[in-house]
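I set out to record how the two chains meet, and then to look at one helix on its own. The entries follow the order in which I looked things up.

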Amino acid sequence: MVQQQELETVDININMGPQHPSTHGVFRMVLTVDGEKVIDVEPHIGYMHRGGEKLSENMDYRQGIGYQDRTDYLTQFLNEQAYCMAVEKLTKLEVPERAEYLRVILCELNRITSHLMFIGAFGIDLGLFGTSFMYAFREREYIQDIFEEVSGERMMYGYFRPGGVVWDVPENFVQRVREVLPQTKQGLKDLDMLLTNNEIFVARSKGVGAISAEDAIDWGLTGPMLRASGVPWDLRKDQPYSVYDRFDFDIPIGQYGDVYDRYLVRLEETHQSIRIVEQALEQLPEGPILPEKLPRKLRAPEGEVYAAVENARGEYGIYIVSKGGDKPYRLKIRSPSFSNLSALRTMTIGNYIADAVAILGSVDIVLCDVDR
Amino acid sequence: MSMPSAGINIENAWLDAFVGVIVIVGLMTVVVMALIYIERKVAARMQNRLGPMRVGPHGTLQSLADALKLIGKEDLRPATADRWIFELAPFAVFVPTFLAFIAIPFTQNLAISFLDLGLFYVVAVTGLSFLGFLLAGWASDNKYALLGGMRAAAQLISYEVPLVLSLLAVSMVAGSLALHEIVEFQGRVPLVVWQPLAFFIFIAAVLAELERQPFDIPTAESEVVGGPFIEYSGIRWSMFFLASYASLFIYSLLGAIVFLGGWNWPLGAEAGLWLQLIWTFAKTSLLILLFIWIRFSFPRLRIDQLMSYCWKVLIPLSFLQIFLNGLVLVYGWPHIFLLLTSGAGLALAGYIIARVGQTEPRKVRLIPVRGGRKATASLTAPEGAEGGSSA
C-alpha cells in the first residue's frame, strides 16, 4: 500500500508597509493571499497621527491655517481655502472679489500639481520605471515655482487668511501663469501619450478595483473616486462656493469606477482646471485683497459651521464648534483620503497582489490627510 | 561545413580553460559595468535627467565606484535563512549565464569554443538560471522573496518554451544548430527578414527571460520589492546584478547572431577580424538599446496576464511559425514564402494582441458646468445625471 499524502496549502499573510515603496507613505496593509490572489486586506493607519484637530483647539483662527498645509500636503491651498471659508462663515467676514479670484487660481493650479503627482506615481505603481514620474514632476515644478513666488514657501504656503489672502501676488503673476499654462498643457499631452493608450497600462488598469455608484456613495467616497463611478458630484458644481459659479468648465465622470476611469477622470480634471484658471485670469479684478475692517484679533461668536471644498481627492471639510473667543472649541477635519481609503477592502478582495498596489495607488491617498 | 578554428589556441588543456575563464569573467565584468552606465545614461536621457555625473568625466566611473562599494559592504544573511542554499543561490544564477558565453562566436574565428550544437547549448544552459531565483526566494525566509522566487520560476519556465521554439524555427531555415553556421547562412539576407514572427517572439521571450519591463514581475519593485534579492546585500547581491546584465548582453548577442546576421551581413565573411567584431557589437548594441528603450516606456504586466500571454499567444504563434517553415521547406518553395507567411503571422500576432486583449482605451463623459448657473443638484446615480454629453 502506498500511503498518499495530501499536500497542505496555507494562506500566507503579507505585511505590506509601513515601509514599502508603493504604499505612498506610512500605510500598512496586511494582505492574506492565496498564491497571488488577495483574499483579505486589513488596513492599518495611524502612523502619521499628529493630533492636529486637538492642536487646532489651542491655536487662534489665524494660527490654525498653518496646520491645514500639513494635512494634505499636496493640496495645501485647497485645505487653507476650506479652513478660511469655515472661519469666514463663523465670523461673517466678507472676502473681497480679487482675493476670491486669486484663491480660485491658486486652488486650481494646486489641483493640477496634485493630479500630476498622482499620474506620475500611478505610473510607478503600475511598474513604469520612473518615466511618468519624471515627466509629471517637471510640469509640477513649473507651477510650484509660481506658488513659491506668490507665498514665499515651497510647500507650507500659509497664504490664505480668513477674509482674503495675506498679501497681493507679485506684479508679473498673471503673465507668469499664462506662460506656464501652455507648458503644463504640453506636459499633460506628453503624459497622455505615454500612458493613456499604452497597451499594458490599459491592460493593467481596466476593470481593476471597480466600485459601483451605489457602493461608492455608501462608502462616502468623494472626488475623482466617486466621479469615476459615474456620479456627477462635484462641490464646485453642486454647492458652488467662492466664485466657481462664474466659470465654464466640465465635470468628467467615468463609467465603470475602475482604476482606469479614476486615472482618466483625474487627467481630464487637470485640463478643466487649466480652463478655470484661464477664465479666472481673464476676469481677475483689481482691488483690495483683505476686508478693510479686519480686526487685529479674530473673535468668533458662539456657533457651529461646516465648510467644504472640492479638494483634489474629494470633499475636504472643516467643522468648527465655537464657544466664543479667538480659538475654536472643537475642530474636525473631514478628510477625503480617509473616506476614500475606507473602501479599499471592498475594492481589493479577489484581485491579485499587483492589483492591490494599483488600487491603492488609484485611491491617491495622502497619509498625513488620512491620519491628520 | 568545415569547423573554423577557435581564436584562442593553447596546447595545454588546463591552461586553455584557465585563459578562457579569465577572458569570460574579465570581459563580462567590463561589459556589465559599461552596460549599467549606458542604461543609466539612456534612461536619464529618456526621463529629462542627467544620470550619473559625479564620478569621473560624465560619470563614466560610476559603475566602478558602485562595484567597489558593493564589494566593501557587509554580506548579510538573515538568521532564519537556510544557510547553504542562501549562500549558493547567487552562483546558481551567475554560473549558467557565464557558461552560455562559451559557445557564442563573436567573429568567424573568434570564440571560446565552436560547438556543433551551440544554439542548443546556449538555451539549455541559460534555462538553468531560474533555479537560482527559486533557491534564493525559498532560502531567504521572506514572504516577498518567496513570492518573487515562485513568480520567477513560473515565468522563466513558461518563456523558455517560446524562446526555444522561435530559435528552433530559425535553425530550421538555416539548417543548423551551430551558431557559426547560422551566421554563415545569413551572408546575403539576415534571418530577421525571413522570420519576422520568430524575431518578435524571440524579443518578447527574451524580455521575460531577462526579467525586464514589462516582464519584471519576479523582482517587481512596487509589489514584491526586489523579490528573490530582497535579503541579499553586498557581493552576493552584486552577483545577481552582474548575472542579470550579463544575460542582457548574452541574449542580445544571441539575437544579433541568430537574427541580424552577426558579423556576416552585410559585409560578408571576408571582412577583417576587427570589422567583424565591431559589426557584431554594433548589432548587439542595437538590441540592448531596444531593451533599454522598452524598459523605460512600459509598465509591468500582471502575473496572470504574463502567463496567458505566453501560453495563449506566444506558444501557439511559435508553433504556427514552425509549421509554416516546415511547409515551405518540405515543399521546397522559394524563401520569399518564408517572409510572406511569417509576416502574415506577425500581423496576426498584432491583431490578437490589439483586439483580443480588450485594451482599447476609453474616454470620460463630460458634464458641463456653465457660469452663472446656481446648481442645486443632489447626489444622483449616473442615469439621473442631466446635461451629460459624450467627450
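Which residue in strand 1 of chain B is the bridge partner of A:Ile253? I looked this up in the model, which is predicted, and found B:Arg365.

I then followed the two strands concerned. Strand 6 of chain A (residues 249-253) and strand 1 of chain B (residues 365-369) run antiparallel and are joined by five bridges. I noted that four of the five residues in strand 1 of chain B are buried, so the strand is mostly covered.

Next I turned to the contact as a whole. Chain A contributes 57 residues and chain B 46 residues. On the side of chain A that touches chain B, helix 7 (residues 199-205) gives the most, with six residues. I sorted that side of chain A by class and obtained 31 nonpolar, 12 polar and 14 charged residues.

Last, I checked helix 6 of chain B (residues 143-174). Its 32 residues, at 1.5 Å a residue, should span 46 Å, and the end C-alpha atoms are 46 Å apart, which agrees. Just after helix 6 of chain B, I recorded a positive phi of about 75° at B:Gly175.

Methods:
Residues are numbered from 1 along each chain as its sequence is written. Chains are lettered from A and ligands numbered from 1 in the order in which they are written. This is a predicted model: local features need pLDDT of at least 70, side-chain atom pairs count only at pLDDT 80 or more; totals for chains, interfaces and linings use all residues. Two residues are in contact if their C-beta atoms, placed from the backbone, lie within 7 Å. Ala, Val, Leu, Ile, Met, Phe, Trp, Tyr, Cys and Pro count as nonpolar, Asp, Glu, Lys and Arg as charged, and the others, Gly among them, as polar. Two strands pair if DSSP finds at least two bridges between them. A residue is buried if 20 or more other C-beta atoms lie within 10 Å of its own, exposed if 12 or fewer, and partly exposed in between; C-beta atoms are placed from the backbone. The expected span of a helix is 1.5 Å times one less than its number of residues.
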